[in-house]
Every structure is written in structure tokens, then in C-alpha cells.
Amino acid sequence: DGSISISHPNIALKLAACNCVAMQLPSDQKQLALAAHSIGALEKSGISCVFFTELSASEASELARRNFGEDFRVATAEGIEWKRQRVTPREAPLIVAELPVTKAATTVEELQAAGHTVLYVGATDAEVDAVSVATLPGALGLNGCKAVQNAADVVLLSDFLGSLAFAKHRCVIATASPEKFVLYSLCPKCSPVAV
């Protein structure tokens, strides 16, 4: 349903400032289709998308082409190639290929050093370090393991990445006008943000 859970109210400030979502490129077809479907909503909310994968650049391109069409970029993690890529909501999603999951935390730190407020969404035990170093530690609610969920401040309850766009919108309202946010949250037609 697109709901998220946040660990404490202070996360609303960080989520309102979020401008980059990073996660492993899903290999599961359903998860990949959901991620591709979310890109437009995230971009409209001012959030750029970066996917990490251990696949080679050609394998990642093949996988992404089936779901993103031609609207994506692939750069290898080795050297500085991926760092030369612009990461903005106006640019196509970036796939950083040939990146071992054990190096995801370092890459998250590099994105943050470049000025991004990163929400890293993890799912597996191997991603706990990347989740922990992110400005906004995140996890998948349905397919995320307990270790990642315990390390996360933001949990996507339905695993739908696009719910972050709506959550960011609500957090911007909450930080600007808490009273308006309370009324907005009580609207029965609105998807909840659990605070």
C-alpha cells in the first residue's frame, strides 16, 4: 500500500531533505519492476536513484534494459568512472556495476561526501554496514531481513520504493507546519506515515 514506518520523529527532517536513494539492483523480476515503476515519482520529488550491483556492466545493462527501457546509465565501480556521473533527479538512474556488496558502505559514504542526503534501502545481512552509514538507514519491510530492519530508521512496509516520494512530501509538510501535518495525516484518503 505504500506505507512506511520511521523510527522516531526526528527522521522526518532527514527524509524531507533526502535527495538520493541507493539500493542493490533487484534481481527478482517483481522487485525490479517495482523499482522501475518508482523512478518517475522519486524524480518528481527531487530524489535521484542509484543502484548497486555485483553484475558486470553488460549484464547490468541487459537486466535494466528489460525494465527501464533506455532510461538508465551504467558505470563501473572500479576507478573513478561512476564518480564522474552526475547524480541528480534530472538524470537517468545510475547503476554502479561490478560493486561487491561488501563495498556498498564505502560507496554510500562517497555519495554523502559529494553532498547527497542518502537513504540506503537494504534487504540482506550483507547490507547492514551500508544501511548503518547512510544519512537515512532504510530497509525493505517484506523482503528485508531482521538485521537490516533493526538497523533502519525507515522501513518500506510494502517494499514499494515509490512510497518514499509521498513520504518525503509529507515530511516536508511536517517540518514546515506540524499542525497542518497532523490534519493531513488524519485524512482517511491518505496513505499513513507511521511516526
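**Close-up views of a predicted model**

**View 1. Helix H2 from end to end.** At 1.5 Å a residue, the 16 residues of helix H2 (residues 29–44) should span 22 Å, and this agrees with the 24 Å between its end C-alpha atoms. Please keep in mind that this is a predicted model. At the start of H2, look for Asp-28: one of its side-chain oxygens comes within 3.2 Å of the backbone nitrogen of Lys-30. After the helix comes Gly-46, with a positive phi near 80°.

**View 2. The kink at Ser-38.** H2 has a kink of about 35°, and Ser-38 is at its centre. Ser-38 counts as buried because its relative accessibility is 0%. A polar atom of the Ser-38 side chain lies 2.8 Å from the backbone oxygen of Leu-34. Setting aside neighbours within four places in sequence, Ser-38 is in contact with Phe-160, Leu-161 and Gly-162.

**View 3. The buried residues of H2.** Here you can pick out Gln-31, Leu-32, Ala-35, Ala-36, Ser-38, Ile-39 and Leu-42, the buried residues of H2. An α-helix has 3.6 residues a turn, so residues three or four places apart point the same way. The partners against which the buried residues of H2 pack are two strands and two helices: S3 (48–52), S7 (136–140), H3 (57–68) and H7 (163–176).

**View 4. Helix H7, a packing partner of H2.** The 14 residues of H7 should span 20 Å at 1.5 Å a residue, and the end C-alpha atoms, 20 Å apart, agree with this. Buried residues in H7 include Ser-163, Leu-164 and Ala-165. Lys-168, Arg-170 and Cys-171 are also among the buried residues of this helix.

**View 5. Leu-156 in strand S8.** Leu-156 belongs to strand S8 (residues 154–156). With a relative accessible area of 2%, Leu-156 is buried. Ser-3 is 153 residues away along the chain, yet the C-alpha atoms of Ser-3 and Leu-156 are separated by 6.5 Å. Ser-3 is also one of the contacts of Leu-156 beyond four places in sequence, and others among them are Ile-4, Val-121, Ala-139, Leu-140, Leu-161 and Leu-164.

**View 6. Two loop residues with positive phi.** Neither residue in this view is a glycine: Glu-98 has a positive phi of about 60°, and Asp-159 has one near 65°. Glu-98 sits in the loop between strand S5 (94–97) and helix H4 (104–113), while the loop that holds Asp-159 runs between S8 and H7. Glu-98 counts as partly exposed because its relative accessibility is 38%. Asp-159, at 4%, counts as buried.

**View 7. Where confidence drops.** Over residues 183–195 the pLDDT stays under 50, and the model gives this stretch 23 contacts beyond four places in sequence. Strand S9 (residues 193–194) has the lowest confidence in the protein, with a mean of 46, whereas helix H5 (residues 128–133) has the highest, at 97. Where pLDDT is low, the predicted coordinates should not be read in detail. The protein as a whole averages a pLDDT of 86, with 90% of the residues scoring at least 70.

**View 8. Stepping back to the whole protein.** Eight helices and nine strands make up the set of elements to find here. Of the 195 residues, 51% count as buried. Contacts between residues at least 6 apart in sequence join residues at least 24 apart in 58% of cases. About 9,100 Å² of the protein is exposed, and carbon and sulfur atoms supply 55% of that area.

Methods
Residues are numbered from 1 along each chain as its sequence is written. Side-chain values use heavy atoms; hydrogens and water are left out. pLDDT is the predictor's confidence in each residue, from 0 to 100. Helices (H or I, at least four residues) and strands (E, at least two) are DSSP runs, numbered from the N terminus. Contact means heavy atoms within 4.5 Å. The expected span of a helix is 1.5 Å times one less than its number of residues. The bend at a residue is the angle between axes fitted to the seven residues ending there and the seven starting there. Buried means under 20% relative accessible area, exposed over 50%, partly exposed in between (1.4 Å probe, protein chains only). A polar contact is a pair of N or O atoms within 3.5 Å; within protein, one must be able to donate a hydrogen and the other to accept it, and residues adjacent in sequence count only if both atoms are side-chain atoms. Accessible areas come from the Shrake-Rupley method with a 1.4 Å probe; for residues, only the protein chains shown count as cover.
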